[in-house]
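These are my notebook entries on a two-chain model. I began with the contact between the chains and then turned to individual residues.

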Amino acid sequence: MKRSLNEIEQTCRKAAKGCGMPWGIADEVGKAVRWLHMFGLDGCGCTARHLRELDHGGCIAGVPGSDGSLRGWPGGPMTPMLAGPGFCDDLSGLDEAPIECGPIACPLLAAGFLGQAALSPERPVQVCWQGVEMHLFCRRLRISGRHECLYAESSPTIRISHSLLRGLEKTGKCPVIGDTDIAPDIWDELEGYAYWTYVESTDANRLSGAGAGLADND
Amino acid sequence: MTTSADDRAISLRPPSKVMRLERMGCFHQTRLSFMRSLLRLLADQGWHFSRDRWEVDARGVGLATYRATGPERCYSLVCLAHELPPEKRSDRVIATAWDATFTLFDGIPGQDDIQRLEKQIPLQEAGHCSQTELILARANRSVRLFEHVVQALASGKQPDRERIEQVGYLMRTTAVYGNGKFGISDRERIAQRPEFSAPFHCELLAVWLIRWFTVEIAEHLARSAGGDGAVKMNPDLRRRLGVGNSTGLGMAPFLVLHPALIHRWIMARETALLRVRRLEWCREHVRERFADLVLRMQAGVRKWHTVNKRQRARIEGLKEGLDSLYGHVMSGALDRAYPWDGMIRWSEQHLTIEGQELLVTLVIEPHADLVDDLSAQMSVDENEYLAIDGSMPLARLKDLIGRNYQWALAIDYQEKDQSSRFWYYSEEKLEPRVGERYEEPGADKEHPLAYGRDVKHLARHLDLFMSRHGDSVPAARFLRFHPEHRHSVRRVQITSVLDYAEIRDNLIGADMVPVDLLRCKLSFFGASCFDPRSDRWVRINMYQHAPFPDEFDWFRDDDWIYPRLA
């Protein structure tokens, strides 16, 4: 079924929240997945798989070191849903040093956060993992390297730096604003997670919660 | 010698004054409101309108399409009229059947499109649209008025004017969806088109065309019943009909979750007011026009009906206020230096808040040349404000909280009355609702609308964190340990650069009145006749007194919203 970008954003936002992410993170998950789909990348699939893994305890939140830096943990790769926003917060520090850490689950999703946040066309950002190179800023994207690792379930490391690629604003892929096919099982799974953010409807709250009675015929 | 505007300290009204629920709940439309700016734009660009198809049977069931043609593009309102069994009639969003369903189509639909739309559009939320559909909407007939109008016209008479004024519309929309909902086009896809660059112009174009349909289907049914003896509505009477709307809590989260957009809307309105207040003198013809507007508004307020006690009291106060205002104008208030500033200052002493905010509307109105450019500044891409400045030292973050959230820090959210409500989405059609935190389940699924409480919580954690790690630690590091505060940190940073981004009231307190939020948003749409039906939903009228598309070529009074009522 085709889904609009807004449907994708809102469903993934609520799915992330339904799986326990804080609202501030969930907001960015929705934006990141939207950004990926604007460039034809299967953000919904990544999100569903990753939330499933989180639900099954297959990866961890990613514990900050005592200095606040992001690092992996022997128990499993860190989730891009917390690492991605963290990378975005540190973008201004790229002038001093690239960010390099891991292991990380679903690195493409982490790149989605960065794509949304990397707004400056003068300073495109490069994200690399397992031979994949993504050069991005908000309105352009170029992917090179090992495409077969684009959807890797996890990567030992992820590296974020300023991209040295020039002319990205002319050569990079442009976003497409439009609907996109999402596999029904993936969508159902995301809606299932999103459902956890809704309150069950009862006769009482149907009557009182919206304050309009059951019918307001006019 | 007169003082300058600077000497008089004429500046923007502060957010601590403007962004209070009690005041926002008294906002009125202005000439910057989106219905007003849309009709101006359509007139300026020379749009024209036609009815392309009318395949509605004698029972009022069938298909109609209307076309809006502009300089570069055209759009079609596809209307599907249905037979609605009485037991299924409900204006709640949770309803599943309606008298009519609509979509605004991008271009002219072909027969294949029509066949698809005839299947999907009546299903509304349960169906699925495509990117060629820009708006999805539905409406029900007014039980109080529709049949009366049909019967009167069928018998060759005009309907009763008083009944028309009492209700104000033949049909009432119960939802108007845009921006990607249920598969329709994302706003981003059309936001660069001049006709839709302002917020909600697309939705409001659909509503304006729906208004045309509501009258034509009533006239059609009258003709079916009365044959040659039936008459059409008198144009003057017809213009007294708008489109009704019952607005529930869905609009409240929108206001809270779009801080940059709300800032733009309020900033445009406040800037318009500021520009007028800084005028040193009032020209004679403007003075006359203003006095005329006050008189017209007096007549309009006399016809403002509501059963809501709170609003009725406000309207009574408003009537008295308008009498005082007229007397003040006649006594020469506009003959002094900085007359508009003087009048606003006068209003703070002599008018209720409802009256003060109506005066804002009225003083802006005669100054089209001075303020209309602000309409172009009311859109924004919220994504521009998504990024958090992770390098901001925590001391600076704390300082911003102290500067912009004193109102929240002063509230004791441990008190039950200060946190007794919670906002949630029901599983049932995702209807937004407000619950009683200490009396019903669901608070664990609260949606993040209580920014005051959350920012106060953030402030406490910042103190703890800074006591351990120092106050120069960057926000990014704090957020790694406390991602639960991410939405609040972002909010604090946004309100530090966008003055009007935050509603400075407790949105979960026992005394919070949700309709105040709804009225604020609806005033920016250009709605009128606010008639709260409870503290959670409000009836309104849209486009009442506006020209109809079929008279748009010659009837283009920009001040249609202030009719000369007998």
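**Entry 1: the interface**

I first looked up how much area the two chains cover: chain A and chain B bury about 4800 Å² between them, with 48% of it on carbon and sulfur atoms. I note at the outset that the model is predicted. I then looked up the residues involved and found 56 residues of chain A in contact with 60 residues of chain B.

For polar links, I recorded 25 residue pairs in polar contact across the interface of chain A and chain B, both residues being at pLDDT 80 or more. On the side of chain A that touches chain B, at least two residues each are supplied by β1 (2–3), α1 (5–18), α2 (23–38), α4 (80–89), β10 (198–199) and α8 (203–208) of chain A. The largest share of that side, 8 residues, comes from α2(A). By class, I found 19 nonpolar, 19 polar and 18 charged residues on the side of chain A that touches chain B.

I also listed 6 salt bridges across the interface of chain A and chain B. I examined the pair of Arg34(A) and Glu188(B), a salt bridge whose closest N and O atoms are 2.6 Å apart.

**Entry 2: chain A**

For chain A I counted 8 helices and 10 strands. Of its 218 residues, 60% count as buried. Among contacts in chain A with a separation of 6 or more, I found that 69% come from residues 24 or more positions apart.

**Entry 3: salt bridges in chain B**

I next asked how many salt bridges the structure holds over all chains. The total is 76. I followed several of those in chain B.

Glu165(B) and Arg240(B) form a salt bridge, with the closest N and O atoms 2.3 Å apart. Glu165(B) belongs to helix α6 (residues 161–167) of chain B, and Arg240(B) to the loop between α9 (235–238) and β7 (242–247) of chain B, so the pair ties together parts that are 75 residues apart in sequence. I checked burial at both ends: Glu165(B) is buried at a relative accessible area of 13%, and Arg240(B) counts as buried at 5%.

Asp516(B) forms a salt bridge with Arg314(B), the closest N and O atoms being 3.9 Å apart. Asp516(B) is in helix α22 (residues 514–525) of chain B and Arg314(B) in helix α13 (residues 309–330) of chain B, so this pair ties together parts 202 residues apart in sequence. I found both Asp516(B) and Arg314(B) buried.

The side chains of Arg289(B) and Asp559(B) also meet in a salt bridge, at 3.2 Å from N to O. This pair links distant parts of the chain, 270 residues apart: Arg289(B) is in helix α12 (residues 284–302) of chain B, and Asp559(B) in the segment after β11 (538–542) of chain B. Arg289(B) is partly exposed because its relative accessible area is 27%, whereas Asp559(B), at 14%, counts as buried. I found both residues in a network of salt bridges, whose members include Arg36(B), Arg40(B), Asp292(B), Glu365(B) and Arg564(B).

**Entry 4: helix α3 of chain B**

Two members of that network, Arg36(B) and Arg40(B), led me to helix α3 (residues 34–44) of chain B, which is mostly covered, with 10 of its 11 residues buried. Arg36(B) and Arg40(B) are among the buried residues, as are Phe34(B), Met35(B) and Leu38(B). I traced what the buried residues pack against: β1 (48–56), α8, α11 (259–277), α22 and β11 of chain B. Just after α3(B), I noted that Gly46(B) takes a positive phi of about 70°.

**Entry 5: two buried charged residues**

Arg211(B) lies in helix α8 (residues 201–226) of chain B. Which side chain of opposite charge is nearest to Arg211(B)? I found Glu551(B), 5.9 Å away; Arg211(B) is buried yet has no salt bridge. I then looked for a polar partner and found that the side chain of Arg211(B) reaches the backbone oxygen of Pro547(B) at 3.2 Å. Among the residues that Arg211(B) touches are Arg238(B), Arg239(B), Tyr543(B), His545(B) and Phe548(B).

Asp91(B) sits in the loop between β3 (74–81) and β4 (100–106) of chain B. I recorded Asp91(B) as buried, with a relative accessible area of 5%. Finally, I compared positions: Asp91(B) and Thr247(B) are 156 residues apart in sequence and 9.9 Å apart in space, C-alpha to C-alpha.

Terms used:
Residues are numbered from 1 along each chain as its sequence is written. Chains are lettered from A and ligands numbered from 1 in the order in which they are written. Side-chain values use heavy atoms; hydrogens and water are left out. Helices (H or I, at least four residues) and strands (E, at least two) are DSSP runs, numbered from the N terminus. Buried means under 20% relative accessible area, exposed over 50%, partly exposed in between (1.4 Å probe, protein chains only). Lys and Arg count as positive and Asp and Glu as negative; His and the chain ends are not counted. A salt bridge is a side-chain nitrogen of Lys or Arg within 4 Å of a carboxyl oxygen of Asp or Glu. A polar contact is a pair of N or O atoms within 3.5 Å; within protein, one must be able to donate a hydrogen and the other to accept it, and residues adjacent in sequence count only if both atoms are side-chain atoms. Contact means heavy atoms within 4.5 Å. Buried area is the accessible area (1.4 Å probe) that two parts lose on being put together, summed over both. Ala, Val, Leu, Ile, Met, Phe, Trp, Tyr, Cys and Pro count as nonpolar, Asp, Glu, Lys and Arg as charged, and the others, Gly among them, as polar. Lists of a residue's contacts leave out its neighbours within four places in sequence.
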